[in-house]
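Trainee: I have a new structure to go through. Can we check the words against their cut-offs?

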Amino acid sequence: MRIFRLTNKGWVGNFAIINNKIYVLLSDPITALKIYSEGKDIPLGPEVSISLDDLLNKDYTFKDLRFTKPYDPPEVWGSGIVYEVARARYSEEDVAMIKGRTIYELVYDAERPEIFFKGTANRCVGHGEPIAIRTDSEWTLPEPELGVVIDSSGKILAYTISDDVSARDLEAQNPLYLPQSKIYNGSCAIGPFLVTPDEIGNPYSLDISMRIIRNGQVIYEGSINTSRMRRRIEDQIKYLIRNNSVPDGTLLSTGTAIVPGKDKGLKHSDIVEITITKLGIQRTPVVKLNL
Ligand code: DO4
Ligand code: MG
């Protein structure tokens, strides 16, 4: 099953795709995912005819019917330095060291993963909606990641594309600035779809790719396969929920391995395009926030 939401002038509708047919979904997405994970029938309305390709490829300035985030995650968390590439690229910066090693090298080798709070639904945007650069950041990067939606026991209910947009200059200045680097308006993009585990199969076989487009030109392109993930998703979830009650529908963004350089920081009006096998494409324009 795939779940998505459309919006138009304040109206938001939930939809489910089952066996290539699109139905109105008569419950909120988290409830539907829970029911589906228990093997029960989800409440469906009539079948509808919608051209998803048209909606996915529409101009971002449109004001009428469009995609929005596929649900409102009550909490969003992130994992850090999950891939070897991230360890290496983050360590290239002039960053904090402990006993002669960068904090990123240390956490990569440690048993305990880096897990951080990333925000709430109001910081998240959906396909076609703007991700943001803080007013006080000169180097902000998108981080294309596999997102997992879990229930309060840690069971995976669905997968999605998530973009852990980060003010990299702030966290490089001082690790204590991590929350300000990670959590602000427009710092997370999710969707367009929530896809249930039965449709994904092996989550360690997915291609993630990203392009940054500026004035119609691709200025950065990168890709990775989730088989390169060193920290298993189960391990990340185990630490996330240890002594920490999370609500049903919590989103965990499972770390990036696509790390553009300092010269590829986002600029106002860029477009970020992320694709993940079986999860589709997420396109978001970039805005620089005003004071
Ligand atoms: O502290 C660094 C955050 C790393 C991160 O977000 C990632 O590896 O994806
Ligand atoms: Mg990240």
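Mentor: We take the metal site, then a sheet.
This is a predicted model: local features need pLDDT of at least 70, side-chain atom pairs count only at pLDDT 80 or more, and totals for chains, interfaces and linings use all residues. Residues are numbered from 1 along each chain as its sequence is written, chains are lettered from A and ligands numbered from 1 in written order, and side-chain values use heavy atoms, without hydrogens and water.

Trainee: Which residues are called protein donors of the magnesium ion (ligand 2)?

Mentor: Donors are N, O and S atoms within 2.8 Å of the metal (3.2 Å for Na, K and Ca); water is not among the atoms, so sites may look incomplete. E143 (OE), E145 (OE) and D164 (OD) lie 2.0 to 2.1 Å from the ion. They qualify as donors.

Trainee: What makes E143 and D164 a tie between parts of the chain?

Mentor: E143 lies in the loop between β12 (140–141) and β13 (144–150), and D164 in strand β14 (residues 156–164), so the pair ties together parts 21 residues apart in sequence. Strands here are DSSP runs (E, at least two residues), numbered from the N terminus.

Trainee: Is E143 buried or exposed? And D164, buried or exposed?

Mentor: Buried means under 20% relative accessible area, exposed over 50%, partly exposed in between (1.4 Å probe, protein chains only). E143 has 5%, so E143 is buried. D164 has 2%, so D164 is buried.

Trainee: How do you know that β11 pairs with β22?

Mentor: Two strands pair if DSSP finds at least two bridges between them. Three bridges join β11 to β22 (residues 280–288), so they pair, and they run parallel. I131 stands opposite V286 in β22.

Trainee: Why are β11 and β19 edge strands?

Mentor: The open sheet has the order β11-β22-β21-β18-β19. β11 (131–133) and β19 (217–225) each have a single partner strand, so one side of each is left without a neighbour in the sheet.

How values were computed: Helix = DSSP H or I, 4+ residues; strand = E, 2+ residues; numbered from the N terminus.
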